[in-house]
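Q: Please take a close look at one part of this structure, and then set that part within the rest of the chain. I would like one connected account that I can follow while looking at the model.

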Amino acid sequence: MNKLTKSMVRLGTLVFVGTLFMAADHIDAPSSMGTTADIADFFAFEPLAGSDNTVFVVDLQSDVLPDLAYGTFDEDVLTEINIDLDDDLVEDLVIQAIPRDGRMYFFGPAAPSQTGLNGQVLMDFPLGDVEISGTTAIVENTDNGVSLFAGPRQDPFFFDFFQFNAVIDPDVNSAPQGFLPPDEAQDTFDGANTISIVVEVPNSLLGTPTATNALGLTVYNTWVTTNRKQ
């Protein structure tokens, strides 16, 4: 892998709180909408109840339809999973992913070189790498219990986007019955693809959080950003 020391500037931000919950959004940041830095979804969860691991899933480039083949990872875009341990909503740790020559390289979890808008690839903290998958999924398992994946996936988002737009339309006649019942609703994103970055990490590598959620449960505050090389 070529040495990467170029400064990166943050383009898009998608906030998510708590590892026990899931959150998603599309075309969230206007400056990255429709680009190779566009964040489609972010999920963080325990793989099994009571597990000592946490899984992070980042979907990029929403609506990559089958007739467009698959999107490709941009070598100028660094994806960064931010983790806040002490509830000040400033990243204490980051996990980074950046593609090179058909492989996805991961770094961290480690303290970022700086918080905020800019950052650098943490070359001194390699986590592992995996061949970017095509039609067959390739997963790399490391000796320290980390699992890595990068490649195309079915868009997981189930949403009747057109009915949603009709409901929020100021014209009250556009959707007089509101949302459709489940057997009539349409999954607008059925058949669409994204390209995904997945990393499963033992919690022992993430440290012990002190943040709590509304239920009083100890959680990691985590969000994902994409950064473009300058």
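A: A good place to begin is F162, which counts as exposed because its relative accessibility is 58%, above the 50% beyond which a residue is called exposed. Please keep in mind throughout that this is a predicted model.

F162 belongs to a cluster in which ring pairs link it with F159, F161 and F164, and the whole structure contains 3 aromatic pairs. In one of these, the rings of F159 and F164 have their centres 5.2 Å apart, and the pair is tilted because the planes meet at 50°. In another, F161 and F162 have ring centres 5.9 Å apart and planes at 70°, so this pair is edge-to-face. The other members of the cluster are partly exposed: F159 has a relative accessibility of 23%, F164 has 27%, and F161 has a relative accessible area of 31%.

Further along the chain, F179 sits in the loop that runs between helix 1 (161–168) and strand 12 (193–202). With 52% relative accessibility, F179 counts as exposed, and together with V167 and I168 it makes up a nonpolar surface patch whose combined accessible area is about 280 Å².

To set this part in context, the protein chain has 1 helix and 13 strands, and from the N terminus its elements follow the order β-β-β-β-β-β-β-β-β-β-β-α-β-β. Of its 230 residues, 44% count as buried, while the accessible surface comes to about 11600 Å², with 54% of that area belonging to carbon and sulfur atoms. Among contacts with a separation of 6 or more, 62% are between residues 24 or more positions apart.

In soluble globular proteins, nonpolar side chains tend to be buried together. Here the largest nonpolar core has 27 residues, and the members that touch the most others are F56, I81, I83, I95, F106 and V199. Several elements give two or more residues to this core, including strand 3 (39–45), strand 4 (53–64), strand 5 (77–84), strand 6 (93–100) and strand 7 (103–110). The largest share, 4 residues, comes from strand 12, the strand that also marks one end of the loop holding F179.

I81 shows how one core residue meets others from along the chain: leaving out residues up to four places away in sequence, I81 touches F42, F56, V58, L93, V94, I95, V199, T222, W223 and V224. Apart from this core lies another, of 8 residues, among them V94, Y105, F107 and A110. V94 lies in strand 6 and is buried, at 0% relative accessibility. Besides I81, its contacts more than four places away in sequence include E80, N82, F107, A110 and L122.

L89 offers a contrast in exposure, for it lies in the loop between strand 5 and strand 6 and is exposed, with a relative accessible area of 56%. Once its neighbours within four places in sequence are set aside, L89 is in contact with D84, N221 and W223. The C-alpha atoms of L89 and T222 are 8.6 Å apart, although the two residues are 133 residues apart in sequence.

Charged side chains also join separate parts of the chain, since the structure holds 3 salt bridges. R228 and D74 form one of them, with their closest N and O atoms 3.2 Å apart; this pair joins strand 13 (residues 221–229) to the loop between strand 4 and strand 5, across 154 residues. R228 is partly exposed, with a relative accessible area of 22%, whereas D74 is buried, with 19%. R100 forms a salt bridge with E75, where the closest N and O atoms are 3.8 Å apart, and this pair links strand 6 to the loop between strand 4 and strand 5. R100 is buried at 7%, while E75 counts as partly exposed at 33%. D129 and R103 also meet through their side chains in a salt bridge, at 2.6 Å from N to O, and they join strand 9 to strand 7 across 26 residues. Both ends of this bridge count as partly exposed, D129 at 26% relative accessibility and R103 at 27%.

Methods. Residues numbered from 1 in each chain as written. Predicted model: local features only at pLDDT ≥ 70, side-chain atom pairs only at ≥ 80, totals over all residues. Heavy atoms only, no water. Patch = residues over 30% accessible without salt bridge, like charges linked within 9 Å, V, L, I, M, F, W, Y side chains within 5 Å. Areas by Shrake-Rupley, 256 points an atom, 1.4 Å probe, with all protein chains shown as cover. Salt bridge = Lys/Arg side-chain N within 4 Å of Asp/Glu carboxyl O. Buried < 20%, exposed > 50% of the residue type's maximum accessible area, 1.4 Å probe, protein only. Phe/Tyr/Trp six-rings, centres within 6.5 Å; stacked < 30°, edge-to-face > 60°. Core = buried A, V, L, I, M, F, W, Y, C linked by side-chain atoms within 4.5 Å. Contact = heavy atoms within 4.5 Å.
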